[in-house]
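Visitor: Could you take me for a close look at a single part of this protein, with the cut-offs spelled out as you go?

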Amino acid sequence: MKKKTVSAILASVMCISMLFGCSVSTDTGDASSNEESAEETDASAGDVIEISWIFYDDLDVSKDLVTIGYKEVIDRFNKDFEGKYHVNVITTPTEEYDTKLNALIASGDVPELFTCHPGPLMEQYVDAGVAADLTDILETENPDWYATFKEGIFDKLTYDGKIMAIPTNFSAALVFYNTEIFDEVGVTPPETYDEWLEVCKKIQDAGYTPIACSAKDPWCISLVAGYLCDREGGPDNLDGVSEGTLDWTSESYVNAGEKLIELSQYFQPTAAGDSNDQVNASFTAGEAAMLVQGSWVIGEINGLDPAIEDVCGAFRFPAIEGGADPNRMMVKTDNIMLSSEAEGKEREAAIELLKYFTDETAEKYVAEEAGKIPTTNVEVDISAAPKQYAYIEEVLDESSATFGFYNESLATAEAGDIYDDAIVEIYLKNATPEEAFQELQDYYEKNVW
């Protein structure tokens, strides 16, 4: 089922409000409806200003080091502003996050802060007027804070010249690999796609799964496909379909689909039903030799088993001979948006929390504990960071350009969903690459061009 757009959900307020409640996870671990929570706040908090932030993981139970870092931010904020401000965290599973957030928006109970991926999904909230313009808050009201951010970090978060989100960390997608398995098999990180196939064959013959991948969570396999699309056609691919000068059924896209089929013979046999969490666990347990993921996975796998840090390397996604620039890196930021409905003291509290998410303590944690890249100019002690962090820095230093995750870089959020579905259909062999990409072609001809 396609994700509902904000406008569609706003038109269905009554229906959605009946289906979804607001489960709020506070630092006590209690959960209640919004009405009950508000009554408790009035009775116990006095003049304390209460705000909410919605996030797609459970801060109280998650072992993900990034999530643990967010929990530390929340705890630190609530302690520092005790008696003045207090933030409640609304948690939800990743796959239910967009639906939950949209339900809260539709019911008129918009959290003061909400997490959002860049691209058309974020643009939906901008177009719907749900998100606040942060330009003056940064450039005029808080210039010292604004100056801490890395140059260009707001480029993909700016719409019509307005900054619409605060980036909390930065990720690059690479191929992570188990160095012990590579040494045992006698292979080295491949430079080209053809070499990669040879490495996969040797690993498979040695009794290991070459590449752990999830097709149950489509964004995982579409990440692999996105790299193949870019390695085939480079920036001309995305630019072409955006501008209407390149068909989705063009040779570069069809070739990428064919290579996905070829590469997928080295996925685990259960990839169609395995979740992202399951494939991460498989790689961490040493059952699979490689994992194509964003660098956020460092916090996940190191949190699962700290021993993986010593045997986990990373290399750039291999080049396709005769293809496009192999030094382009797929990247993205994690971001938080401020509700346009936040006013007065609630707005002040939310802005203070945004500063905490990006202060020196939080950004050093991002790198030195979780292995992600800071969005500010904080000084990072690489020797204190997870060992995988150095691999990320090395690949980024050699990169020639960056591009966004494919399913988050298309014309609309619905187009991203159709792309994800097409990639899964290609993998399952329910459709040829030509047939699957024709679905995108039809959508673009009807809705985009």
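Guide: Happily; here is a walk around one helix and its surroundings, followed by a helix pair and the nonpolar core.

This is a predicted model, in which local features need pLDDT of at least 70 and side-chain atom pairs count only at pLDDT 80 or more, while totals for chains, interfaces and linings use all residues. Residues are numbered from 1 along each chain as its sequence is written, and side-chain values use heavy atoms, with hydrogens and water left out.

Let us start at helix α14, residues 276-284 (helices are DSSP runs of H or I with at least four residues, strands are E runs of at least two, and both are numbered from the N terminus). Its buried residues are Asn276, Val279, Asn280, Ser282, Phe283 and Thr284; buried means under 20% relative accessible area, exposed over 50%, and partly exposed in between, with a 1.4 Å probe and protein chains only. These residues pack against β7, β8, α11, β9, α15 and β10. After α14 comes Gly286, with a positive phi near 80°.

From the β7 side, Asn178 belongs to that strand, which spans residues 166-178. Asn178 counts as buried because its relative accessibility is 4%. Beyond its neighbours within four places in sequence, Asn178 is in contact (heavy atoms within 4.5 Å) with Phe283, Gly286, Ala288, Ala289 and Val311.

Another partner of α14 is α11, and Asp230 sits in α11, residues 218-233. Asp230 has 0% relative accessibility and therefore counts as buried. Setting aside neighbours within four places in sequence, Asp230 is in contact with Pro235, Ala324, Arg328, Phe403 and Tyr406.

Now for the helix pair. Helix α4 (residues 65-80) packs with helix α16 (residues 344-357) at about 130°, their axes 10 Å apart; axes are lines fitted to C-alpha atoms, for helices over the stretch in contact, and angles run from 0 to 180 degrees between N-to-C directions. The contact involves Tyr70, Val73, Ile74, Arg76, Phe77 and Asp80 of α4, with Ala349, Glu352, Leu353, Tyr356 and Phe357 of α16.

Leu353 also appears in the largest nonpolar core, a set of 145 residues, where Trp53, Phe114, Trp196, Trp248, Met290, Met337 and Leu353 touch the most other members. Such a core is a set of buried Ala, Val, Leu, Ile, Met, Phe, Trp, Tyr and Cys residues joined through side-chain atoms within 4.5 Å. Helix α19 (residues 413-428) gives the most to this core, with nine residues. Not counting residues up to four places away in sequence, Met337 touches residues including Phe114, Cys116, Met122 and Met164.
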